[in-house]
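Colleague: I have a new model on my screen and I'd like to learn how to read it. Could you walk me through it?

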Amino acid sequence: MPQQLVEAEVAKLQAMKTGSAAQVCLPRRAILGQASAAQREALDRYGTAVGKAFQIADDLLDVEGDPALVGKQTGKDAEAGKATDRGLLGP
């Protein structure tokens with residue numbers, strides 16, 4: 001049975017998935033590069049946006065993608081009853 005979650009809960013789940021890699025890596029690279037606090041904050045926001053965009057695209061491909069083109073099995077989120085932005089917001 002699909003998870004019945006509200007948008008904020010889905011956003012939290014999305015932040016913990018694959019897309020979070022960009023959100024974590026960019027600020028750390030900024031620290032290593034001795035970026036200013038403002039630059040680190042900007043990279044954190046950018047990384048969050050890139051991570052969310054990646055996750056949305058991945059969720060859409062899971063529903064609508066051709067496995068031969070996507071390079072992996074599709075339909076896994078629905079089979080597992082996973083909550084996604086696509087599932088929450090509709091087609």
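Modeller: Sure, we'll go from the overall picture to single residues.

Colleague: Where do we start, and what is the mean pLDDT of the protein chain?

Modeller: Start with confidence, since this is a predicted model. The mean pLDDT of the protein chain is 78, and 79% of the residues reach 70 or more.

Colleague: Which element has the lowest mean pLDDT, and which the highest?

Modeller: Helix 6, residues 85-89, is at the bottom with a mean of 66. Helix 4, residues 67-70, is at the top with 86.

Colleague: Next, the secondary structure. How many helices and strands does the protein chain have?

Modeller: There are six helices and zero strands. Read from the N terminus, the order is simply α-α-α-α-α-α.

Colleague: And how much of the chain is buried?

Modeller: Of its 91 residues, 23% count as buried. The accessible surface comes to about 6400 Å², and carbon and sulfur atoms make up 60% of that surface. You can also ask how far along the sequence the contacts reach. Taking contacts with a separation of 6 or more, 56% are between residues 24 or more positions apart.

Colleague: Let's pick one helix. How many residues does helix 3 have, and how far does it reach?

Modeller: Helix 3 has 28 residues and spans 40 Å from its first C-alpha to its last, close to the 40 Å expected at 1.5 Å a residue.

Colleague: Which residues of helix 3 are buried?

Modeller: G47, G51, Q55, D58, D59 and D62 are the buried ones in helix 3.

Colleague: I see charged residues in there. How should I read charges, and how many salt bridges are there?

Modeller: The general idea is that side chains of opposite charge can pair when their charged atoms come close. Here the count is two salt bridges. One joins the side chains of E41 and R45, at 3.6 Å from N to O.

Colleague: Why are E41 and R45 separated by about one helical turn?

Modeller: An α-helix has 3.6 residues a turn, so residues three or four places apart point the same way. E41 and R45 are four residues apart in helix 3, so about one helical turn separates them. E41 counts as partly exposed, because its relative accessibility is 40%.

Colleague: What about the salt bridge of K72 and D58?

Modeller: The side chains of K72 and D58 meet at 2.7 Å, N to O. K72 sits in the loop between helix 4 and helix 5 (76-80) while D58 is in helix 3, so this pair ties together parts that are 14 residues apart in sequence.

Colleague: Are these two partners buried or exposed?

Modeller: K72 is partly exposed, at 35% relative accessibility. D58 has 19% relative accessibility, so D58 counts as buried; the cut-off for that is under 20%.

Colleague: D62 is buried as well. What is the nearest side chain of opposite charge?

Modeller: That is K76, which is 5.6 Å away, and D62 has no salt bridge. Looking past residues up to four places away in sequence, D62 touches Q73, T74, G75, K76, D77 and A78.

Colleague: And L61, also in helix 3: which residues is L61 in contact with, leaving aside its neighbours within four places?

Modeller: V70 and T74. L61 is partly exposed, with 41% relative accessibility. The C-alpha atoms of L61 and G75 are 8.8 Å apart in space, with their positions 14 residues apart in sequence.

Colleague: Where can I find a pair further along the chain, say with T84?

Modeller: T84 and L60 are 24 residues apart in sequence and 9.2 Å apart in space, C-alpha to C-alpha. T84 lies in the loop between helix 5 and helix 6, and at 8% relative accessibility T84 counts as buried.

Colleague: One last feature: backbone angles. What is phi of Q34?

Modeller: Phi of Q34 is near 60°, a positive value in a residue other than glycine. Q34 is in the loop between helix 2 (20-32) and helix 3 (37-64). Q34 counts as exposed, because its relative accessibility is 73%.

How values were computed. Residues numbered from 1 in each chain as written. Predicted model: local features only at pLDDT ≥ 70, side-chain atom pairs only at ≥ 80, totals over all residues. Heavy atoms only, no water. pLDDT = per-residue confidence, 0-100. Helix = DSSP H or I, 4+ residues; strand = E, 2+ residues; numbered from the N terminus. Buried < 20%, exposed > 50% of the residue type's maximum accessible area, 1.4 Å probe, protein only. Contact = heavy atoms within 4.5 Å. Areas by Shrake-Rupley, 256 points an atom, 1.4 Å probe, with all protein chains shown as cover. Salt bridge = Lys/Arg side-chain N within 4 Å of Asp/Glu carboxyl O. Expected span 1.5 Å × (residues − 1). Lys, Arg positive; Asp, Glu negative; His and termini not counted.
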